[in-house]
Amino acid sequence: GPCTECSCSSGKETDKDTSNRKKKENGDRSFIPKIFFGTRTHKQISQITRELKRTVHSSVPMTILSSRDYTCIHPVVSSSGSNRNEMCVELLEGKHGKSCLYYHGVHKLSEHHALQSAHGMYRAWDIEDLVSLGKKLRACAYFAARELMVSADIVFCPYNYLLDPQIRESMEINLKGQVVILDEAHNIEDCARESVSYGVTESQLRAAREELDFMVNNNIRQKDHEPLRAVCCSL
């Protein structure tokens, strides 16, 4: 019913109320925005989820987006060095005739959280909790966290997941109409600068210049490659 406790009460339905009522009558769910909570480090996410557990909102569906460095449980990939992303992609594509059995068990993790939510047993969790459960169920925590984003009301992630357009696209994050909270936002400048910066070595520049020389000398799209060669030479 209409609000009767404050001065805004008029007893009349606004256009917005009418449209929402019609949506409910037609069985359509009205749009509810997600909360994207960005932090500087993964350690800060642990602190925030720990505090969330202590509040009345502990049972709110949530997820934590993080890199494979924190969530991969494949024994070979997780123990490798800096090429975890590449190794994961190769397994998913079955390049060497092998696939990732943990990836095929993703539904076990997402269904587990869905069941907990249905029975009112849902509680805020941390990355370590998800990884531990993933190992127990033999299910990939990295992709499970991404799947949980669909039904989550609050999504925790590092700054760059929200600021870097390439990461947003790869993680399928759409911020239109959503609520964005940035913890310790004075660190945003550095993160924004990093997301639009790229490091290159002198040897890489020399290799690029040699390839561009070859392109230009062999009449391969000269108009495109000459300006690029000029940039390499000037650097």
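# A walk through the predicted model

Start by selecting helix H8, residues 141-148, which is mostly covered: 7 of its 8 residues are buried. Keep in mind throughout that this is a predicted model. To see the covered positions of H8, colour Ala141, Tyr142, Phe143, Ala144, Ala145, Arg146 and Leu148, which are its buried residues.

**Stop 1: the rings of H8**

Stay in H8 and show the side chains of Tyr142 and Phe143. Tyr142 is buried, with a relative accessible area of 8%, and Phe143 is buried too, at 15%. Now add Tyr103 to the selection: Tyr103, Tyr142 and Phe143 form one aromatic cluster. Across the whole structure, a search finds 3 aromatic pairs. One of them joins Phe37 and Phe156, with ring centres 5.6 Å apart and planes at 50°, so this pair is tilted. Select these two rings next, and look at where they sit: Phe37 belongs to strand S1 and Phe156 to strand S3, so the pair ties together parts that are 119 residues apart in sequence. Phe37 and Phe156 are both buried. For contrast, return to Tyr142 and Phe143, whose aromatic pair is edge-to-face, with 4.9 Å from centre to centre and 85° between the planes.

**Stop 2: the sheet**

The Phe37–Phe156 pair leads into the sheet, so show the strands as ribbons. In what order do the 4 strands of the open sheet lie? Reading across, the order is S2-S3-S1-S4, and the pairing is parallel. At the edges you will find strand S2 (62-64) and S4, each of which pairs on one side only. Turn the view to look across the strands: on average, neighbouring strands of this sheet are turned by 20° against each other, direction ignored. Then bring in helix H2, residues 42-53, which packs on the sheet and touches S1, S2 and S3. The direction of H2 makes about 155° with that of S3.

Now isolate strand S1, residues 35-39. Of its 5 residues, 4 are buried, so S1 is largely enclosed by the rest of the structure. On one flank, select strand S3, residues 154-158: S1 and S3 run parallel and are joined by 5 bridges. To follow the register, label Ile35 and its bridge partner in S3, Ile154. Then label Phe36, which stands opposite Val155 in S3. For the pairing of S1 with S4, select S4: these two strands pair in the parallel sense over 4 bridges. Here Phe37, familiar from the ring pair, stands opposite Ile181 in S4. While you have the side chains on, a general point may help: in a regular strand they alternate between the two faces of the sheet.

**Stop 3: helix H11**

From S4, move to helix H11, residues 188-195. Which residues of H11 are buried? Colour Ile188, Cys191 and Ser195 to see them. Look straight down the axis of H11: the buried residues fall within an arc of 65°, so they line one face of the helix. The background is simple: an α-helix has 3.6 residues a turn, so residues three or four places apart point the same way. Next, colour Glu189 and Glu194, the exposed residues carried on the face of H11 turned away from its buried side. To see what covers the buried residues of H11, show helix H9 (159-163) and strand S4 (179-182), which are included in that cover.

**Stop 4: the cysteines**

For the last stop, select every cysteine. How many disulfides does a search of the whole structure find? The result is 0. Zoom in on Cys100, which is in no disulfide: the nearest cysteine sulfur, that of Cys140, is 6.0 Å away. The cut-off for a disulfide is 2.5 Å between the sulfur atoms. Cys232 is in no disulfide either, and its nearest cysteine sulfur, that of Cys233, is 6.9 Å away. Cys232 is buried, with a relative accessible area of 14%.

Go back to Cys100 and look at its surroundings. Cys100 lies in the loop between helix H5 (84-93) and helix H6 (106-118). The residue is buried, with a relative accessible area of 10%. Show His74 and Leu91 as sticks: Cys100 touches both, not counting residues up to four places away in sequence. Finally, draw a C-alpha to C-alpha distance from Cys100 to Val77, which are 23 residues apart in sequence and 10.0 Å apart in space.

Note on methods. Residues are numbered from 1 along each chain as its sequence is written. This is a predicted model: local features need pLDDT of at least 70, side-chain atom pairs count only at pLDDT 80 or more; totals for chains, interfaces and linings use all residues. Side-chain values use heavy atoms; hydrogens and water are left out. Buried means under 20% relative accessible area, exposed over 50%, partly exposed in between (1.4 Å probe, protein chains only). The arc is that of the directions from the helix axis to the C-beta atoms. Contact means heavy atoms within 4.5 Å. Two strands pair if DSSP finds at least two bridges between them. Rings of Phe, Tyr and Trp (its six-membered ring) pair if their centres lie within 6.5 Å; planes under 30 degrees apart count as stacked, over 60 as edge-to-face and the rest as tilted. Axes are lines fitted to C-alpha atoms, for helices over the stretch in contact, and angles run from 0 to 180 degrees between N-to-C directions.
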